[in-house]
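These are my notebook entries on a set of look-ups in one structural model. I worked through side-chain pairs, helix packing, burial and backbone angles in turn.

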Amino acid sequence: LTSPPPQRDAADQNFDSMFKLLIIGNSSVGKTSFLFRYADDSFTSAFVSTVGIDFKVKTVFRNNKRIKLQIWDTAGQERYRTITTAYYRGAMGFLLMYDISNQESFSSVQDWATQIKTYSWDNAQVILVGNKCDLEDDRLIATEDGQRLSDELGFEFFEASAKDNINVKQVFERLVDVICVKNAEMEASANQQPNNKDLDIKDSQESHGACAC
């Protein structure tokens, strides 16, 4: 007797679109905690540095469509930079994260933004996230400074806390929404563009008649 084929997770297969998202930023800004809070609704205060890259999958419903999110958690340390930037290509969205109680992580945002511009798809959408807003007593980065930098970079901005579950879901939902809007704009633009190949054929037929000679 042959055993039946293993059952595949139907929920994993039934989706209308798949978005690849990356969480980037300096080490210890809370990228892994942010992902675990969103994907598993769990939080641990123990810090374990991400080695290389890891990911989780979550399916969401937006505009009556099932969207499968493949969310990559990247290592912040410089020695992993070559590994992580290889994953930028094909990413449709980024959460660029800093820690509101860590000046160095905020100062590095511009460098991370340059990495996105250098290695990612031109139309990738980015949200700047000031994480750990629960650490108000230790705050070094004013909300206004985060907003000002995001405006300069052309990104949307949120402050959030994985620990207290503040704005975690909202950040991901907003990123998915802006990707959906951008995709719709691109589809509409593509539909309005005439097919140059068809025009060339038509012009050729008009100048030579329908004859192929």
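**Entry 1. Salt bridge of Arg 62.** I looked up the partner of Arg 62 and found a salt bridge with Glu 173, in which the closest N and O atoms are 3.9 Å apart. The model is predicted, and I read this distance with the cut-off in mind, which is 4 Å between a side-chain nitrogen of Lys or Arg and a carboxyl oxygen of Asp or Glu. The pair joins distant parts of the chain: Arg 62 belongs to strand 2 (residues 53-62) and Glu 173 to helix 7, with their positions 111 residues apart in the sequence. I noted Glu 173 as partly exposed, at a relative accessible area of 26%.

I then asked which residues are linked with Arg 62 in a network of salt bridges. The network consists of Arg 62, Lys 169, Glu 173 and Asp 177.

**Entry 2. Other salt bridges.** I recorded a total of 10 salt bridges in the structure. One of them pairs Arg 148 with Asp 145, the closest N and O atoms lying 2.6 Å apart. Both residues sit in helix 6 (residues 143-153), and because they are 3 residues apart there, about one helical turn separates them. Arg 148 is partly exposed, with a relative accessible area of 46%. Asp 145 is also partly exposed, with a value of 29%.

I also looked up Arg 139, which forms a salt bridge with Glu 136 at 2.9 Å between the closest N and O atoms. Glu 136 has 44% relative accessibility and counts as partly exposed.

**Entry 3. Packing of helix 2 and helix 7.** I next asked at what angle the axes of helix 2 and helix 7 cross. The axes of helix 2 (residues 31-40) and helix 7 (residues 168-192) cross at roughly 85 degrees and come within 9 Å. Angles of 65 to 115 degrees count as roughly perpendicular, and the two helices are therefore roughly perpendicular to each other. On the side of helix 2, the contact is made by Phe 34, Arg 37 and Tyr 38; on the side of helix 7, by Val 168, Lys 169, Val 171 and Phe 172. I sorted the residues of this contact by type and obtained 5 nonpolar, no polar and 2 charged.

**Entry 4. Surroundings of Phe 34.** Phe 34 is part of helix 2, and I wished to know whether this residue is buried or exposed. The relative accessible area of Phe 34 is 0%; the residue is buried. Leaving aside residues up to four places away in sequence, I listed its contacts as Leu 95, Met 97, Val 129, Asn 131, Ala 160, Ala 162, Asn 167, Val 168, Val 171 and Phe 172. I also recorded the C-alpha separation of Phe 34 and Lys 169, which is 9.6 Å for two residues 135 apart along the chain.

**Entry 5. The two sides of helix 5.** For helix 5 (residues 109-119), I found the buried residues to be Val 109, Trp 112, Ala 113, Gln 115 and Ile 116. Viewed down the helix axis, the buried residues fall within an arc of 155 degrees, so they line one face of helix 5. The face turned away from this buried side carries the exposed residues Asp 111 and Lys 117.

**Entry 6. Positive phi angles.** I searched the backbone with one expectation in mind: most residues other than glycine have a negative phi. Asn 63 departs from it, with a positive phi of about 55 degrees. This residue is placed in the loop between strand 2 and strand 3 (65-74), and at 62% relative accessibility Asn 63 counts as exposed.

Asn 167 likewise has a positive phi, near 65 degrees. Its place is the loop between strand 6 (156-159) and helix 7. Asn 167 is partly exposed, with a relative accessible area of 23%, and is among the residues touched by Phe 34.

**Entry 7. The chain overall.** I closed with the whole chain and counted 8 helices and 6 strands. Their order along the sequence is α-β-α-β-β-α-β-α-α-β-α-β-α-α. Of the 213 residues, 39% count as buried. I finally asked what share of the contacts between residues at least 6 apart in sequence join residues at least 24 apart. That share is 74%.

Technical notes
Residues numbered from 1 in each chain as written. Predicted model: local features only at pLDDT ≥ 70, side-chain atom pairs only at ≥ 80, totals over all residues. Heavy atoms only, no water. Axes fitted to C-alpha atoms, helices over the stretch in contact; angles between N-to-C directions. Helix = DSSP H or I, 4+ residues; strand = E, 2+ residues; numbered from the N terminus. Parallel < 35°, antiparallel > 145°, perpendicular 65-115°, else oblique. Contact = heavy atoms within 4.5 Å. Nonpolar A, V, L, I, M, F, W, Y, C, P; charged D, E, K, R; others polar. Buried < 20%, exposed > 50% of the residue type's maximum accessible area, 1.4 Å probe, protein only. Arc of directions from axis to C-beta.
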